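Hi,

Here is the structure I promised to pass on to you. Have a look at it first, and then read on for my notes.

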Amino acid sequence: MRQQYVFTTLTLLILFSLSCSTTLAQAPALAPAPSGPTNVTKILEKAGQFTLFIRLLKSTQVANQLLGQLNNSNNGMTVFAPTDNAFSSLKSGTLNSLTDEQKVQLVQFHIVPTYLTSSQFQTISNPLRTQAGDSGDGKFPLNVTTSGNSVNITTGLTNTSVSGTIYTDGQLAVYQIDQVLQPLQIFAPRPPAPAPAPAKSKNKKATTVADSPDVTPADNSKAATLQNVGLFGVAALVIALSL
């Protein structure tokens, strides 16, 4: 009886061991963790509804610039990503009317070269400087304000708010916005300053004298000679008549 019990126990142990070995062999290996800097376009592709913004990032080469900057910058990046619905709300033909340079500036206007958490929006100084450049009035100013848990963004033409956090890892923050941020420099440029009027002459008399032909000493001498000859002829005529 005891031998039968031991045999049964050993049989069960062998079957259990074979079952575990088969299960482990069938389990897929874990994918290796991605190396290198975080890929913004991959993050947006995974999130969905950012097709047009991804297309602009790639066509303007800004996506490649972000990869390099995230790899070499200690400050990190903050990206405000407009949804596809945000682009569809633009006037028809808006993107096609932009030059290549303006498309680059438009994408860069959605990127702040600093990592910003949602709590830091409450203490930042406005206007924010984006990768588009000059944040001065009429150029590329971006102002962020908070009201409770709401983060509001204004450009002078666009008023929107952060509607969600797509990604954050301590180096890169990606926030969803529901309108395209339109910078003044591209969509409402100021006309160039008029050219200064030419200076008016203060002394017309001096101008007149300067424009008159010069009289040389030789001309003066000739005029004096002619005058003397004329006087001599008049005198001779008077004497002849008196005789």
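Below is what I found in it, going from the overall build to a few local details.

Please keep in mind that this is a predicted model. The protein has 9 helices and 6 strands. Of its 243 residues, 28% are buried, and the protein exposes about 16500 Å², with carbon and sulfur atoms supplying 57% of that area. If you take the contacts between residues at least 6 apart in sequence, 63% of them join residues at least 24 apart.

The sheet is a good place to start. Its 6 strands form an open sheet in the order 2-1-6-5-4-3, and the pairing is mixed. Strand 2 (111–112) and strand 3 (143–147) are at the edges; each has a single partner strand, so one side of each has no neighbour in the sheet. Further in, strand 5 (residues 159–168) pairs with strand 6 (residues 172–177) in the antiparallel sense, over 5 bridges. One residue pair to look for there is Y167 with its bridge partner V174 in strand 6. Helix 2 (residues 40–47) packs on the sheet, where it touches strand 1 (77–82), strand 5 and strand 6. The direction of helix 2 makes about 100° with that of strand 5.

Next, the interior. The largest nonpolar core has 45 residues, and those touching the most other members are L44, F53, L57, F80, F121, I153 and L172. Strand 6 gives the most to this core, with 5 residues. F121 is worth displaying on its own: beyond its neighbours within four places in sequence, F121 contacts F80, L116, V144, T146, V151 and Y175.

Helix 6 (residues 100–108) has Q105, L106, V107 and Q108 as its buried residues. These pack against helix 3 (51–59), helix 4 (62–72), strand 2 and helix 7 (184–187).

Finally, some backbone details. Most residues other than glycine have a negative phi, and most peptide bonds are trans. Against that background, a cis peptide bond joins N126 and P127, with omega about -5°; P127 is in the loop between strand 2 and strand 3. Two glutamines have a positive phi. Q49, in the loop between helix 2 and helix 3, has phi near 60° and is partly exposed, with a relative accessible area of 41%. Q61, in the loop between helix 3 and helix 4, has phi near 70° and is also partly exposed, at 42%.

Best wishes

Definitions and conventions
Residues are numbered from 1 along each chain as its sequence is written. This is a predicted model: local features need pLDDT of at least 70, side-chain atom pairs count only at pLDDT 80 or more; totals for chains, interfaces and linings use all residues. Side-chain values use heavy atoms; hydrogens and water are left out. Two strands pair if DSSP finds at least two bridges between them. Helices (H or I, at least four residues) and strands (E, at least two) are DSSP runs, numbered from the N terminus. Contact means heavy atoms within 4.5 Å. Axes are lines fitted to C-alpha atoms, for helices over the stretch in contact, and angles run from 0 to 180 degrees between N-to-C directions. Buried means under 20% relative accessible area, exposed over 50%, partly exposed in between (1.4 Å probe, protein chains only). A nonpolar core is a set of buried Ala, Val, Leu, Ile, Met, Phe, Trp, Tyr and Cys residues joined through side-chain atoms within 4.5 Å. Accessible areas come from the Shrake-Rupley method with a 1.4 Å probe; for residues, only the protein chains shown count as cover.
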